[in-house]
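I opened the notebook to look up how the parts of this model pack together. The entries below follow the order in which I looked.

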Amino acid sequence: DGPNHYTEAVLGTGVMPRVVDLLSHASGSVVTPALTVTVNVAKAPSDQAREYLISTGVLSAIRPLLQSQKTRLRKDACVALTHIAGGPAQHLQAIAEAGLF
């Protein structure tokens with residue numbers, strides 16, 4: 001967590017598509033920090049940050065995490081979805097189209 005300019009700096013690096021890819025890694029020690037970054041971006045006050053996150057394919061990457069045996073991964077996946085859903089109607093539409101509710 002941090003000020004919005006930290007989130008914008010992370011987004012500016014172009015690293016988020018790779019972070020989203022890491023959400024499907026076999027190792028929980030890789031998935032957990034990738035999910036933490038994802039949650040932090042989803043929590044950003046900027047709708048544009050969440051739109052960018054959606055464009056990286058994060059919704060399909062989160063789907064399997066909702067079924068994880070690890071409580072922390074399920075919880076953080078739900079937190080990310082909650083923050084994405086808190087945006088404009090098109091974010092809710094994207095979640096619905098991904099079959100996540």
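Entry 1, the last helix. I looked up helix 7 and found that His91, Ala94 and Ile95 are buried there, where buried means under 20% relative accessible area, exposed over 50% and partly exposed in between, with a 1.4 Å probe and protein chains only. Helices here are DSSP runs of H or I with at least four residues, strands are runs of E with at least two, and both are numbered from the N terminus. The three buried residues sit on the same side of helix 7, because they cover an arc of only 100° around the axis, the arc being that of the directions from the helix axis to the C-beta atoms. In general, an α-helix has 3.6 residues a turn, so residues three or four places apart point the same way. On the other side of helix 7 I noted Ala89 and Glu97 as exposed. The cover over the buried residues of helix 7 includes helix 4, helix 5 and helix 6. Just after helix 7, Gly99 has a positive phi of about 75°.

Entry 2, source of the values. I noted that this is a predicted model, in which local features need pLDDT of at least 70 and side-chain atom pairs count only at pLDDT 80 or more, while totals for chains, interfaces and linings use all residues. Residues are numbered from 1 along each chain as its sequence is written, and side-chain values use heavy atoms, with hydrogens and water left out.

Entry 3, the loop before helix 7. Gly86 lies in the loop between helix 6 and helix 7, and I recorded it as exposed because its relative accessible area is 63%. From the C-alpha atom of Gly86 to that of Glu97, 11 residues apart along the chain, the separation is 16 Å.

Entry 4, the core. I then looked up the largest nonpolar core, which has 28 residues; such a core is a set of buried Ala, Val, Leu, Ile, Met, Phe, Trp, Tyr and Cys residues joined through side-chain atoms within 4.5 Å. Helix 3 (28–42) supplies at least two residues of this core, as does each of helix 2, helix 4, helix 5, helix 6 and helix 7, and the largest share, six residues, comes from helix 3. Leu65 is among the residues with the most contacts inside the core. Leaving aside neighbours within four places in sequence, Leu65 is in contact (heavy atoms within 4.5 Å) with Leu23, Val31, Leu35, Leu73, Arg74 and Ala77.

Entry 5, two polar residues. Is Thr38 buried or exposed? Thr38, in helix 3, counts as buried because its relative accessibility is 0%. Not counting residues up to four places away in sequence, Thr38 touches Met16, Val19, Leu23, Leu53 and Val58. Asp76, in helix 6, is buried as well, with a relative accessible area of 8%. With the same kind of exclusion, up to four places away in sequence, Asp76 touches Leu35 and Val39. The Asp76 side chain also makes a polar contact with the side chain of Arg72 at 2.9 Å; a polar contact is a pair of N or O atoms within 3.5 Å, where within protein one must be able to donate a hydrogen and the other to accept it, and residues adjacent in sequence count only if both atoms are side-chain atoms.

Entry 6, the whole chain. I closed with the overall fold, which has seven helices and zero strands, and buried residues make up 38% of the 101 residues.
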